[in-house]
Amino acid sequence: MTELAITSSDPKALTQLRASWILAVPTLDFPAQLAAGLCIGKVLTAAAALLFLFMTQNSFAAVVTGAAILFDIADGVIFKRSRLAGIKRWSDRRRIYDSVTDRIVVALVITPMYLLGQLPAVFVGLVIVRELLTTVTNALPYYQRGIVFDANTPGRIGLLLIGIQSILSMNGIAPTTLMYMSVTVASCCSVFLYYRAMRRVMSD
């Protein structure tokens with residue numbers, strides 16, 4: 001985890017400072033530009049998946065969902081080659097953008113699949129609980145102390161499994177017991193790690 005240099009004690013001033021910090025635009029080198037494009041691209045491909053799902057074009061929806069997963073993996077790998085990756089301020093901002101776009105992508109894909117009966121309510125409920133707990137355990141340390149957590153490995157695995165199951169369900173393959181267990185274990189481990197880090201930060 002990393003920490004912002006925030007010194008004001010005024011809550012309103014802190015909120016304004018963090019908003020300006022998130023929205024400020026640095027001079028991006030090519031790897032950072034490519035990573036940003038991929039980050040935007042995963043949202044656009046997820047939106048395309050939503051349209052294809054409502055058009056009952058499940059094969060196309062599966063392809064663009066797969067592209068969104070690959071974009072998500074690639075943008076993190078490519079950003080590490082940017083000079084901005086070594087600057088805490090910009091690497092923290094990239095983590096915030098990535099976390100927000102991940103939540104958007106999940107909502108764009110999972111919601112229409114549930115409405116169309118392609119994913120069972122239990123699996124969707126599991127995903128919703130995971131996303132809510134992840135958001136809370138990441139947002140509180142940021143707004144209280146200006147600290148941004150790195151994504152943890154169980155969280156990455158859980159998100160990948162959700163993406164894989166979404167593609168399988170688009171092709172008529174329902175979640176198996178093993179998939180339920182895998183997503184549950186990965187999500188619980190991820191949330192526990194965030195919660196432990198949050199407690200440590202909030203108690204300092």
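# Exercises on a predicted helical model

With a relative accessible area of 2%, D75 counts as buried. The model is predicted. Work through the exercises with the structure in view.

## Exercise 1: Place D75

Task: Find the element that holds D75, classify D75 as buried or exposed, and give the C-alpha distance from D75 to C39.

Solution.
- Step 1. Locate the residue. D75 sits in helix α3.
- Step 2. Apply the cut-off. Buried means under 20% relative accessible area. D75 has 2%, so D75 is buried.
- Step 3. Compare sequence and space. D75 and C39 are 36 residues apart in sequence. Their C-alpha atoms are 6.2 Å apart.
- Step 4. Classify the partner. C39 has a relative accessible area of 10%, so C39 is buried.

## Exercise 2: Read the overall layout

Task: How many helices and strands does the protein have, and in what pattern do they follow along the sequence?

Solution.
- Step 1. Count the elements. There are 7 helices and 2 strands.
- Step 2. Read along the sequence. The pattern is β-α-α-α-α-α-β-α-α.
- Step 3. Add the burial. The protein has 204 residues, and 42% of them are buried.

## Exercise 3: Describe the packing of α2 and α3

Task: Work out how α2 and α3 are oriented to each other, and state the hand of their crossing.

Solution.
- Step 1. Find the helices. Helix α2 covers residues 30-54, and helix α3 covers residues 58-79.
- Step 2. Choose the values. Two packed helices are described by the angle between their axes and the distance between the axes.
- Step 3. Take the values. The angle is about 160°, and the axes are 8 Å apart.
- Step 4. Apply the cut-off. Angles over 145 degrees count as roughly antiparallel. Therefore α2 and α3 are roughly antiparallel to each other.
- Step 5. Give the hand. The crossing of α2 and α3 is left-handed.
- Step 6. Sort the contact by class. Between α2 and α3 it has 19 nonpolar, 4 polar and 3 charged residues.
- Step 7. Look at one residue of α3. V64 is found in this helix. At 16% relative accessibility, V64 is buried. V64 and A46 are 18 residues apart along the chain, and their C-alpha atoms are separated by 6.8 Å.

## Exercise 4: Inspect the loop residue T56

Task: Where does T56 lie, what is its phi, and is T56 buried or exposed?

Solution.
- Step 1. Locate T56. This residue is in the loop between α2 and α3.
- Step 2. Check the backbone. T56 has a positive phi of about 60°, although T56 is not a glycine.
- Step 3. Apply the cut-off. Exposed means over 50% relative accessible area. T56 reaches 62%, so T56 counts as exposed.

## Exercise 5: Relate α5 to its partners

Task: Describe how α5 packs with α6, then examine the ring pair of F123 and Y180.

Solution.
- Step 1. Take the helix values. α5 and helix α6 (residues 153-170) pack at about 150°, with axes 12 Å apart.
- Step 2. Name the orientation. With that angle, α5 and α6 are therefore roughly antiparallel. α5 passes α6 in a left-handed crossing.
- Step 3. Turn to the rings. The model has 4 aromatic pairs. One of them joins F123 and Y180, with 5.8 Å from centre to centre and 70° between the planes.
- Step 4. Name the geometry. Planes over 60 degrees apart count as edge-to-face. The pair of F123 and Y180 is edge-to-face.
- Step 5. Place the partners. F123 lies in helix α5 (residues 121-145) and Y180 in helix α7 (residues 177-203), so the pair ties together parts that are 57 residues apart in sequence.
- Step 6. Compare exposure. F123 is buried at 0% relative accessibility, whereas Y180 is partly exposed at 22%.
- Step 7. Add R130. This residue of helix α5 is buried at 6% relative accessibility. R130 and C188 are 58 residues apart along the chain, with 7.9 Å between their C-alpha atoms.

## Exercise 6: Test for disulfides

Task: How many disulfides are there, and why does C188 not bond to C189?

Solution.
- Step 1. Set the cut-off. A disulfide needs cysteine sulfur atoms within 2.5 Å.
- Step 2. Check C188. Its closest cysteine sulfur is in C189, 7.0 Å away, so the distance is too far for a bond.
- Step 3. Give the total. The count is 0 disulfides.
- Step 4. Classify C188. At 51% relative accessibility, C188 counts as exposed.

Note on methods
Residues numbered from 1 in each chain as written. Predicted model: local features only at pLDDT ≥ 70, side-chain atom pairs only at ≥ 80, totals over all residues. Heavy atoms only, no water. Buried < 20%, exposed > 50% of the residue type's maximum accessible area, 1.4 Å probe, protein only. Phe/Tyr/Trp six-rings, centres within 6.5 Å; stacked < 30°, edge-to-face > 60°. Helix = DSSP H or I, 4+ residues; strand = E, 2+ residues; numbered from the N terminus. Axes fitted to C-alpha atoms, helices over the stretch in contact; angles between N-to-C directions. Parallel < 35°, antiparallel > 145°, perpendicular 65-115°, else oblique. Left-handed = near helix turned anticlockwise from the far one by under 90°. Nonpolar A, V, L, I, M, F, W, Y, C, P; charged D, E, K, R; others polar.
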